[in-house]
Amino acid sequence: MTTTTPAPAESDRDTRFFGQPWALAHVFGVEMWERFSFYGMQIVMVYYLYFSTSEGGLGMPESTAVSIIGAYGGSVYLATILGAWVADRLLGSERVLFYSAIVIMCGHLGLALIPGYAGVTIGLILVAIGSGGLKANATSVVGTLYGAADPRRDAGFSIFYLGINIGAFFGPLVTGFLRTNLGFHWAFGAAAVGMALGLIQYSFGRKQLPAESRVVPNPLPVPGRWIFAGIGLVAVAIIVVLVLVGVIRADNLSVVIIITVVGATIAYFAVILSSRRIDSTERSRVFGFIPLFITSVAFWSLYQQQFTVVPIYAEQRLDLNIFGWEMPPDWVQSINPVFIIILSGVFAAIWTKLGARQPSTPVKFGMGVIIMGIAFLLFLPFAGGGPHSTPLIAMVGIIFVFTVAELLLSPVGLSVATKLAPQAFHTQMVALFFLSVSLGTAISGWLAQFYGPDDEVPYFSILGAIAIVVGIALLAAVKPVLALMKGVR
């Protein structure tokens, strides 16, 4: 074979990138820089929205600020539908990934250069659309690097997840330092620079990706493109009208996104399950994905409160004094990536060592959401304390538990989505997993309005208990779920 792009069989023998195919390095890099910009901007944005104007912020109520952040996060993952559809019908995953990175960079530039609400609106819309296109398609491209029977797939996704978290670690450190010392817009500018670096790096390596990553699985006929373009314009017009008449407002954005995602999820499952292009085995596997989807929603509705409740908790409740130096509250967001960086290799090694003996995906999901519920219960010993009364080490311990839960569910969820995907809906099944993240993220923004210093006991105990019950229910249903998954574990 003379081609420089490895076929699946060759890829199975390529171990140049930490035992994985070398092409993984290119997707690893662009995703790392995208996460640097995304997480660096997102945590700064929380404070930008609710800090007073004298502090350089916009002075919103905290409940409105967390609603916007939850809605924005939900919109990012909702936009994976658009990114997946464009990949499957028009451009292929690799090209959508590349163009999406450009859109993200433009969004961060908008936040950095345009002041006030105009910059927030333009910037967040562009970053949400671009991130949606990049997320599902980066995952799909990673899936093309492995043959169907390659046992390294889960480990490869764990290493890919490591790249995500290297970026997530450095992003808040850099932007938090700039916010504290120079101001909000310098922090947003750093996010733009990070995405530009990722784009440059990916531009040099993208041609080495497998040809399969550029395939359009279900090309849309030219006349159909005009129809969908018209539908898109009508949808935009409807959104504009709803904003102008006050139906969609800043304080109810999370609810709007929740309703939208629920509708999109039902429609998406219906379209895939009713398609004549999937066989009975593929249809059964999609049904098997439904309980995993529900469990994933429960998990992310708690986990994503790292960007709604936790920033407020860090700024108001944590003792951030370290030997006389006041740590920026933004830096709390870098604790989780540290544990991911340390533990992702451990989990990858465990799954590789166990091979076919490792726990099945439903078991991993069930344990993940149970542990996430336990993490919320760990807030209870510090409930009701005064300002800056919770020790930083306590938050470090709680986030460690967050991380263990995350590694049991998130990279495994990305992997199982590619394994359960019907051939005709490969990228769109990955988008369905991200829809569960979207719904959970939007719910996290809605739930955050109920958080307050006087409500910490019922807030953390009720949410923690619900997550544990969901996990136990999935563990009880492991056998029927595996039966539906038809050989996929």
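Q: What makes the span of helix α13 (residues 361–377) agree with the value expected for a helix?
A: The expected span is 1.5 Å times one less than the number of residues, so the 17 residues of α13 should cover 24 Å, and with its end C-alpha atoms 25 Å apart the two values agree. The helix itself is a DSSP run (H or I, at least four residues; numbered from the N terminus). This is a predicted model, in which local features need pLDDT of at least 70 and side-chain atom pairs count only at pLDDT 80 or more, while totals for chains, interfaces and linings use all residues. Residues are numbered from 1 along each chain as its sequence is written, and side-chain values use heavy atoms, with hydrogens and water left out.

Q: Why is α13 called largely enclosed by the rest of the structure?
A: Buried means under 20% relative accessible area, exposed over 50%, and partly exposed in between (1.4 Å probe, protein chains only); 13 of the 17 residues of α13 are buried, so the helix is largely enclosed.

Q: Why is Thr64 classed as buried or exposed?
A: Thr64, which lies in helix α3 (residues 62–91), has a relative accessible area of 12% and therefore counts as buried.

Q: Why does Phe204 fall in the buried or the exposed class?
A: Phe204, placed in helix α7 (residues 184–205), has 70% relative accessibility and therefore counts as exposed.

Q: What does Glu31 touch, leaving aside residues up to four places away in sequence?
A: Glu31, found in helix α2 (residues 24–50), touches Leu134, Ala138, Phe160 and Ile164, where contact means heavy atoms within 4.5 Å.

Conventions: Helices (H or I, at least four residues) and strands (E, at least two) are DSSP runs, numbered from the N terminus.
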